[in-house]
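Q: Please take a close look at how one part of this chain is packed, beginning at its start, and then set that part beside a few other places along the chain. I would like one connected account that I can follow with the model open in front of me.

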Amino acid sequence: MNPQDAWNAAFHQLEMQLDRASFDTWLRGAVLLGVEDGVFVVGVRNNFARDMLQHRLYRNVRRVLGDVYGTSVELRFEINKPTASPMTVDNEPEMPLFRLLAQQDPAAPVTPLHEQIARPQRPDLPESELNARFTFDRFIDGSENATIYAAAQAVAECPASVYNPFFIYGGVGLGKTHLLQAIAHACQARNLRVIYIPSEVFTNDLVDAIRQRTTAMFREKYRSVDVLLVDDIQFISGKESTQEEFFHTFTALYTFNKQIVLASDRHPRELNTLEDRLRSRFGGGLVMDMQPPSYETRIAILNNWAKERQIILPRHVCEMIAGRAKLNVRELEGIFNQVIATTQITRQPLDTETTSDILDGYRRPRNHITLNQVLVLTARHHGLSVADLTGKRRTGAINQARQIAMFLAREITSASLPQIGDAFGGRKHSTVLHSCNKISGDIERDPQVRTIVKDIRERLLKTDE
């Protein structure tokens with residue numbers, strides 16, 4: 001498609017999407033002046049239209065034109081100086097619509113307007129960016145969630161044909177987001193128009209549309225998709241305008257047989273601050289409860305993660321981790337990462353003894369080891385005083401000891417970066433963070449630093465027993 005045809009098609013789309021007043025005020029009469037170095041130069045009537053289009057409506061116009069043209073584009077708006085119209089013949093003004101129609105061949109087939117305008121197959125929506133890891137292949141479907149997994153696959157294979165709306169609810173960290181994005185991945189692979197968003201994004205888009213007076217484009221964006229997936233829908237509770245707009249969006253999509261998938265932390269009937277009409281519609285499709293992973297499922301998940309990271313995970317270690325994390329997959333992942341990271345940094349063997357020590361530390365509250373204890377033991381180990389670590393001197397030995405103390409303070413105590421900085425003579429939190437990152441790298445490369453950190457850490461933990 002050449003640039004002029006792309007602009008014409010985009011212009012017609014914008015005419016349908018914008019409300020009449022906005023289109024007539026800002027875009028009516030806009031023409032493509034040319035393309036310079038890949039930039040579409042569009043002529044408009046006056047300074048006001050140019051400023052509005054350049055600063056307030058630029059993103060919307062650019063998105064529509066890019067969809068039609070088939071690639072991302074840049075725009076520049078200029079004031080169009082009137083010239084002789086290219087549509088005049090022998091100084092005759094532009095032909096009225098009825099005369100053009102009279103000259104058409106009545107036997108020629110009529111192409112509907114909506115077929116003349118190119119429809120984008122894959123809209124460029126930043127909020128639709130998906131996590132590449134959240135696919136059906138990576139979801140471990142144990143017996144406790146086998147049914148909900150099968151239902152999600154059915155929705156992805158035949159959107160709006162089996163379960164619509166599809167409502168998933170359950171506690172945090174159980175995999176609701178994973179399933180929603182897996183559905184989105186599968187539908188996008190079939191060139192369906194898909195939007196996956198947290199409910200907060202829907203609210204923010206609505207507020208932005210109201211402020212910029214582009215609610216027509218907002219509605220076209222959400223009501224022209226094939227699949228709409230909204231995560232954490234419970235957060236629209238108490239937001240009247242958001243609920244009103246989402247109700248009409250839901251109704252429009254459902255009426256035109258488009259798939260709706262929602263996730264929440266509660267069953268629809270328990271969303272007490274949500275409007276009755278929304279609760280009724282949410283519960284009108286397939287509502288499924290996501291369960292915590294069983295012990296066997298946790299074992300399978302851990303083995304899958306280890307395989308992906310090319311780690312040999314001993315069976316007894318795997319069983320120990322799976323036995324600790326009983327609440328959700330997120331907790332399981334946190335413990336797994338803690339064990340793997342600690343053994344890799346400290347070069348300890350990945351066995352049951354080491355894992356047990358790490359897990360004990362993972363659960364232990366850290367508010368009983370104080371910053372002063374870290375300062376005293378680190379200074380004593382290096383043959384220095386606490387004043388040396390908190391003072392201004394920056395010799396090599398003092399600087400390294402100070403950085404090790406900051407690293408241990410962040411790792412073992414519950415103090416924040418600013419609190420650690422204050423304890424070390426009023427240093428900035430960025431200095432503390434730099435020191436922690438440096439020692440973390442030194443532990444990986446330098447056996448001597450690794451031994452020093454290990455010895456001081458063990459002494460600190462013993463003082464807490």
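A: Among contacts in this predicted chain that join residues at least 6 apart in sequence, 71% link residues at least 24 apart. The chain has 465 residues, of which 43% count as buried, and its secondary structure comes to 22 helices and 8 strands. Its accessible surface is about 24,800 Å², with 50% of that belonging to carbon and sulfur atoms.

The part to look at closely is the start of the chain, and there the pairing of helix 1 (residues 3–17) with helix 4 (residues 58–69) is a good place to begin, as their axes come within 9 Å and cross at roughly 130°. An angle of that size falls outside the ranges for roughly parallel, roughly perpendicular and roughly antiparallel, so helix 1 is oblique to helix 4. The crossing of these two helices is right-handed. From helix 1, the contact draws on Pro3, Ala6, Trp7, Ala9, Ala10, Gln13, Leu14 and Gln17, while helix 4 supplies Asn60, Val61, Arg63, Val64, Leu65, Val68 and Tyr69. Sorted by class, the residues in this contact of helix 1 with helix 4 are 11 nonpolar, 3 polar and 1 charged.

Between those two helices in the sequence lies a second pair, helix 2 (residues 20–27) and helix 3 (residues 47–55), which pack at an angle of about 115° with their axes 8 Å apart. Here Thr25, Trp26 and Leu27 of helix 2 meet Phe48, Ala49, Met52 and Leu53 of helix 3, and the class count for this contact is 6 nonpolar, 1 polar and no charged residues.

Further along the chain, helix 9 (residues 199–212) and helix 10 (residues 215–223) offer another packing to set beside these, with axes that come within 8 Å and cross at roughly 150°. Since angles over 145 degrees count as roughly antiparallel, helix 9 is roughly antiparallel to helix 10. On the helix 9 side the residues are Val201, Phe202, Asp205, Leu206, Ala209 and Ile210, and they meet Thr215, Phe218, Lys221 and Tyr222 of helix 10; by class, this contact has 7 nonpolar, 1 polar and 2 charged residues.

The backbone around the end of helix 7 also repays a look. Glu157 lies in helix 7 (residues 146–157), and because its relative accessibility is 54%, Glu157 counts as exposed. Glu157 and Arg190 are 33 residues apart in sequence, yet their C-alpha atoms are 9.3 Å apart in space. In the loop between helix 7 and strand 4 lies Ala160, which at 12% relative accessibility counts as buried. Most residues other than glycine have a negative phi, and most peptide bonds are trans. Against that background, Ala160 has a positive phi of about 65° although it is not a glycine. Pro165 is found in the loop between helix 7 and strand 4 (166–169) as well, and the peptide bond that joins Asn164 and Pro165 is cis, with omega about 0°.

A positive phi is also found at Asn257, where the value is near 60° in a residue other than glycine; Asn257 sits in the loop between helix 11 (240–255) and strand 7 (259–264).

Note on methods. Residues are numbered from 1 along each chain as its sequence is written. This is a predicted model: local features need pLDDT of at least 70, side-chain atom pairs count only at pLDDT 80 or more; totals for chains, interfaces and linings use all residues. Side-chain values use heavy atoms; hydrogens and water are left out. Axes are lines fitted to C-alpha atoms, for helices over the stretch in contact, and angles run from 0 to 180 degrees between N-to-C directions. Helices (H or I, at least four residues) and strands (E, at least two) are DSSP runs, numbered from the N terminus. Angles under 35 degrees count as roughly parallel, over 145 as roughly antiparallel, 65 to 115 as roughly perpendicular and the rest as oblique. A crossing is left-handed if the near helix is turned anticlockwise from the far one by less than a right angle, and right-handed if clockwise. Contact means heavy atoms within 4.5 Å. Ala, Val, Leu, Ile, Met, Phe, Trp, Tyr, Cys and Pro count as nonpolar, Asp, Glu, Lys and Arg as charged, and the others, Gly among them, as polar. Buried means under 20% relative accessible area, exposed over 50%, partly exposed in between (1.4 Å probe, protein chains only). Accessible areas come from the Shrake-Rupley method with a 1.4 Å probe; for residues, only the protein chains shown count as cover.
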